[in-house]
Structures are given as C-alpha cells and as structure tokens.
Amino acid sequence: MDVLRPTLVRIGGRVYRKNIIHEQVQQQQEEEDFYTGPNDCADEPCDAFVVEETEKGFQCRVEVPSPLYKYIIGKKGETKKRLETETRTSISIPKPGVEGEIVITGQQRGAVISARTRIDVLLDSFRKKQPFTHFLSFALNQPVIQEKFLQFKEEVLEKCSQDHGVSSSLFQNPAKLHLTLGTLVLLNEQEIQRACDLLQQCKEDFVDQITGGKPLSVEVTGVEYMNDDPAMMDVLYAKVHMKDGSDKLQVIADQLVERFVASGLMLREWDRVKLHATVMNTLFRKDPSAEERSSTVTGKSSFKERESFNGRNILKLFENFSFGEAQLDAVLLSQRYSSDASGYYGTAGRLLLR
C-alpha cells in the first residue's frame, strides 16, 4: 500500500485513513489498525452513537455479533490492549460464543468516543471479509421451470458435450433455481431479525404499491454469459423479464437492495441488480451447493480455481430457449448451504407479494 495514498474507509459519514500494522504475520490474515483522519470526532461530541455519563466517567455500548469478537481481541489480546492503551479506556468483551455488548469505559468522553470509532472501523473492515451467509432471492423452482431446465440440460449434454469443459457437473440443482437480488452477512439471530423486519418495512413502504398485491408474472427465456469470452465461460444464466413488458421486477429488486445497503446489512455489488438465474456455473464442479458472489468486494474470489468451459455452441443453439413462465409471489431471505423440504434453500424470512 502506498503510504502517500492510504486506503480510505467511510463509516457514518466520516472518512478514516487505514494503516496496515506489520508486526507479526498471522496464519489467517494480517492484523489491521486504523487511525482517524482530519474528521476525527474524538475531541468533540459525536451523535453517531450514545455515550453515557457514569459515576466513574463515561461508557458506550456496542452491539457486536460474537464471531467478530476475535478481531477486537486480536492475537494474544494485542489489539484490545493496544486500543485500551492508546485511547486510555477499558474494553469489556463477552466470552466467545456468548452474544452480548462490548462495553467501553473511560474517564474522558473523547477517549470513549475515540475507542468506539476505532472499533467501528475494525468491525467494518473484517465484516467485509466474511463469506456471505444469506441472500435475497426469488425462487424459480416451479415444476414447469424445473422440467424445462432438465430438458435444457439433456439437450446441452447431447449436442455440446464434446465442447471443452462441458459436463453434467456444471448444471444447477433444479430445485435451487432462483434469482439472487443481493447477498448478506448475518452473524447472529439479532441481525437475521433485523433483515426480516426490514423486508416487512419494504413491503409497506413500496412493494405493495408496485405490485398491487399481486404476484409478478415472469418469462424465463434465453441464455447469456457473464464474462467477455464465450469460449471461456464460468457462468451461464437464463434471462428473466416481466411477461407484461413492465419494469416492476427490476424496480422492486433495485429498491430492495437500495434499502438493505442503506441499512448496512448489504454491500452494493452492482449499480442495478442484474436479474439472472444461473443454470451453469464452474463453481459447481467442486461444490454443487456453491453460490456465486457477484462481486469480489467481500470474501475471497474462487475464479483462480475454476476451469472454464466453451459455451459458443450452447449460445448458438439455445439463445432463445424457453424455460417457461412463473408467478413470483415472495422475496425470500434464503440461507446459504441449506435446504428445505422442497429442496430449495432454507428460508429465514419472506416478503409476500400477495
């Protein structure tokens, strides 16, 4: 990293400079530290969070999912000790695996605010590195769609199996066909509940007005690919559009993502949601339950390990293949690496369009 052009992190309307500490190389990832820039609120009131006055000074409580405690503690407690020393505060963290609040106490209000600010920046950085746990989806596993998908798979293998990389292991599980609107990292029950509550709020605020309380009638027709070279494909997807030619599906998808991004529960991956239903994916070769993350902003990219396939003939032969029509009646908060009784992903919450 160029020390004259450090990475900037934006949290709560403030900008922070991010510095890498090169002390000891850890097995998983190097330890990161952050210092506030010119907009530091350490010496002034900060309304981004509540600081309470107590008999012994000041304190601030931070709700943190237990899987993130280790990033505040650091290797052998070094991060926590350094935060406490440099901000002259005391930081109390619940036991591993126990959900609760991190409590920051100190003699000076500014010191408590400084510690809280630095903890927020640390958490924001490490949360972005967590693999996603849930995603917003529309199920496309209706019987007619599954039947047509299996027909598509059979014909592709019959006509294109000699093309480089094409094999049965590339195809999506028909019971899990879906549209992904966006991915989320939800690390405890409280965060899952927040996402469920936000879905219901979106229903009241704009979804019902757009749908008129009716399901969305869509057509799944044609295939397209993600990368630039059709001879080296990683993902082939079916295109989905409203049967009446309107943009209702796109508008709902975009507004849902906008609301979830604003809440901090989701990271933006596209300027607009790319409506697509994955039918073939090179990730499925090694892991049939794999889920594509559209962006490399968070998590580790798997593209280096992928063996692409030549999809030129598939595009030519199945450019306008019809996978059928479907009624979309719910936005689902789907859980990654899970299945329900129908074979679709487990559902943590839903927004009914009816």
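In which loop is Lys-76 found? In this predicted model, Lys-76 sits in the loop between helix H1 (69–73) and helix H2 (78–87). Its backbone makes a good starting point for a tour, with a phi near 55°, a positive value in a residue other than glycine. Lys-76 counts as exposed because its relative accessibility is 71%, where exposed means over 50%. A second residue of this kind follows H2: Arg-88 is found in the loop between H2 and E6. The phi of Arg-88 is near 55°, again a positive value in a residue other than glycine, and at 73% relative accessibility Arg-88 counts as exposed.

Before going further, a word on confidence is helpful. The protein chain averages a pLDDT of 87, and 82% of the residues score at least 70. Over residues 21–46, however, the pLDDT is below 50, although this stretch has 63 contacts in the model beyond near neighbours in sequence. Residues 294–303 also stay under 50 in pLDDT, and for them the model has 15 contacts beyond four places in sequence.

Two open sheets can now be described in turn. One of them has four strands in the order E4-E5-E7-E6, with antiparallel pairing. Its edges are strand E4 (52–54) and strand E6 (89–92), each of which pairs on one side only. On average, neighbouring strands of this sheet are turned by 30° against each other, direction ignored. Strands of a sheet pair through backbone hydrogen bonds, either parallel or antiparallel. Between E4 and strand E5 (residues 57–64), the antiparallel pairing extends over three bridges, and Glu-52 stands opposite Gln-59 in E5. Helix H3 (residues 109–127) lies across E5, E6 and strand E7 (100–106), running at about 15° to E5.

The other open sheet is also made of four strands, in the order E12-E11-E10-E13, and its pairing is antiparallel. Here the edge positions belong to strand E12 (276–281) and strand E13 (322–328), each pairing on one side only. From one strand to the next, the twist averages 30°. Strand E11 (residues 235–242) runs antiparallel to E12, and five bridges join the two; Tyr-237 stands opposite Thr-278 in E12. This sheet has a helix lying across it as well: helix H4 (residues 143–160) lies across E10, E11, E12 and E13, and runs at about 160° to E13.

Strand E14 (residues 330–335) offers another set of pairings. With strand E8 (residues 134–139), E14 pairs in the antiparallel sense over four bridges, and the bridge partner of Phe-135 in E14 is Ser-334. E14 also runs antiparallel to strand E15 (residues 347–352), to which five bridges join it; there, Leu-332 stands opposite Arg-350 in E15. E14 is mostly covered, with five of its six residues buried.

Helix H5 (residues 189–211) brings several of these elements together. A kink of about 55° is centred on Lys-203 in this helix. The buried residues of H5 include Ile-192, Leu-199, Lys-203 and Phe-206. As a group, the buried residues of H5 pack against H3, E8, strand E10 (216–225), helix H6 (248–263), E14 and E15. An α-helix has 3.6 residues a turn, so residues three or four places apart point the same way.

Two cysteines of H5 are among its buried residues. Cys-196 counts as buried because its relative accessible area is 14%, and Cys-202 is buried because its relative accessibility is 0%; the cut-off for buried is under 20%. How many disulfides does the model have? The count comes to zero, where a disulfide requires a pair of cysteine sulfur atoms within 2.5 Å.

Thr-211 also belongs to helix H5. With a relative accessible area of 6%, Thr-211 is buried. Leaving aside neighbours within four places in sequence, Thr-211 is in contact with Leu-216, Ile-252 and Leu-353. Thr-211 and Ile-252 are 41 residues apart along the chain, yet their C-alpha atoms are separated by 8.9 Å. H5 is followed by Gly-212, whose phi is positive, near 70°.

How values were computed. Residues numbered from 1 in each chain as written. Predicted model: local features only at pLDDT ≥ 70, side-chain atom pairs only at ≥ 80, totals over all residues. Heavy atoms only, no water. Buried < 20%, exposed > 50% of the residue type's maximum accessible area, 1.4 Å probe, protein only. Pairing = 2+ DSSP bridges. Axes fitted to C-alpha atoms, helices over the stretch in contact; angles between N-to-C directions. Contact = heavy atoms within 4.5 Å. pLDDT = per-residue confidence, 0-100. Bend = angle between axes of the 7 residues up to and from the residue.
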